[in-house]
Amino acid sequence: MATRDIYESGFDEDVPTDNTTACPECNGRVRTNSIETACEDCGLVIDEQQIDHGPEWRTFDDDESSSKRTGAPLTVARHDRGLSTEIGRWRDASGTQLSARKRRQLGRLRREQRRGRWRSKSERNLAHGLGEVRRIASALGVSETVRDQACQLFRSAKDENLLLGRSIEAIAAASVYGACRCNDSRVTRGEVAERAQVKRSRVVNAYKTLNTELGLPVTPVTPQSLIPQLSSQLAVEGAVRRRALELAELAHGSAIANGRQPAGVAGACLYIASQECGQGFRQTDIAEVAGTTAATLRSRRDELSTIIDSDASA
């Protein structure tokens, strides 16, 4: 018969334990828990982070296998943070092929798991939106960091109830564009809208909503920042690119770029530079690459030509 309660002793790592070492400041009593070792009298933190919360794996030589007792890291790109269970189809964990009876049983389990995967319609919308964010980010070829920031931005939009009355696909595309803008990635709205499943106007409106409601730390796009990307798409010469950068700096320093579409100003700089260097491009070709119209390109060209003529006469 037990002489004490079997639940008297616990194994919780957060239970504070006494430490025989005295405080080096006041010789007070020191107690240790899973986070830190501190003095009860003066509050001095002697040591902290006793437990390593990082991944628990180790790798030896190339011939030896690495032991890993942790799963995949948490990710914001999944609605469940990547903690869902994947049920296999043909083989078990040891690689043995499953029988027909076992495969039918796993098929029924996958069906029930798929039915109970989302606890609410809100969680289903979150999963659909995050999947759209991952698809657009993969099509644009952005980094995983930008993709995760776009997923977190979509989660913030959902928490602020910005999905009500708006398209999930538009908010997802706007989240990718907003994350690219916050990281100074040279991705235009036209490229995002082209790979999204909604019209460009809806993507633009959704981005304005995110920028207004969430206060994104974005910086204005300058014409000179778009010159390298447009030059690569048009395959212009180095002299044309350098001259276009000079014209873009001139336009940015004047009042031409204020309130104008940066892509239109950058396209006009490339058009003038190509005409000066003898590598002529059609206005429609430059306007198509810049995501603007030929009329806008001609208007920016005329304004920029006026500035160039005034500087030359001065």
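## Exercises on charged pairs and cysteines

Arg-282 is exposed, with a relative accessible area of 56%, in this structure, which is a predicted model.

**Exercise 1.** Determine which residue Arg-282 meets in a salt bridge, and state whether that partner is buried, partly exposed or exposed.

*Solution.* Begin with the pairing: the side chain of Arg-282 meets that of Asp-285 in a salt bridge, with 3.1 Å from N to O. This separation satisfies the criterion, because a salt bridge requires the side-chain nitrogen to lie within 4 Å of the carboxyl oxygen. Turn next to the accessibility of the partner: Asp-285 has a relative accessibility of 27% and is therefore counted as partly exposed, whereas Arg-282, at 56%, is exposed.

**Exercise 2.** Describe the salt bridge between Arg-147 and Asp-148, and classify each of the two residues by its accessibility.

*Solution.* The first step is the distance, which is 3.0 Å from N to O between the side chains of Arg-147 and Asp-148. The second step is the classification: Arg-147 has a relative accessible area of 22% and is partly exposed, and Asp-148, with 25% relative accessibility, is likewise counted as partly exposed.

**Exercise 3.** Carry out the analysis for Arg-301 and Asp-302, then find which residues are joined into one network by salt bridges that share partners, and give the count of salt bridges.

*Solution.* The side chains of Arg-301 and Asp-302 form a salt bridge at 3.1 Å, N to O. Arg-301 is partly exposed at 22% relative accessibility, and Asp-302 is partly exposed with a relative accessible area of 40%. Shared partners link Arg-243, Glu-246 and Glu-276 into one network of salt bridges. The count for the model comes to 8 salt bridges.

**Exercise 4.** Establish how many disulfides the structure holds, and explain why Cys-180 is not bonded to Cys-182.

*Solution.* The number of disulfides is 0. To see the reason for Cys-180, consider its closest cysteine sulfur, which belongs to Cys-182 and lies 9.3 Å away, too far for a bond; a disulfide would need the two sulfur atoms within 2.5 Å. Viewed from the other side, Cys-182 is in no disulfide either, since its nearest cysteine sulfur is that of Cys-180, at 9.3 Å. As a last step, compare the surroundings of the two cysteines: Cys-180 is buried, with 0% relative accessibility, whereas Cys-182 is partly exposed, with a relative accessible area of 29%.

Note on methods: Residues are numbered from 1 along each chain as its sequence is written. This is a predicted model: local features need pLDDT of at least 70, side-chain atom pairs count only at pLDDT 80 or more; totals for chains, interfaces and linings use all residues. Side-chain values use heavy atoms; hydrogens and water are left out. Buried means under 20% relative accessible area, exposed over 50%, partly exposed in between (1.4 Å probe, protein chains only).
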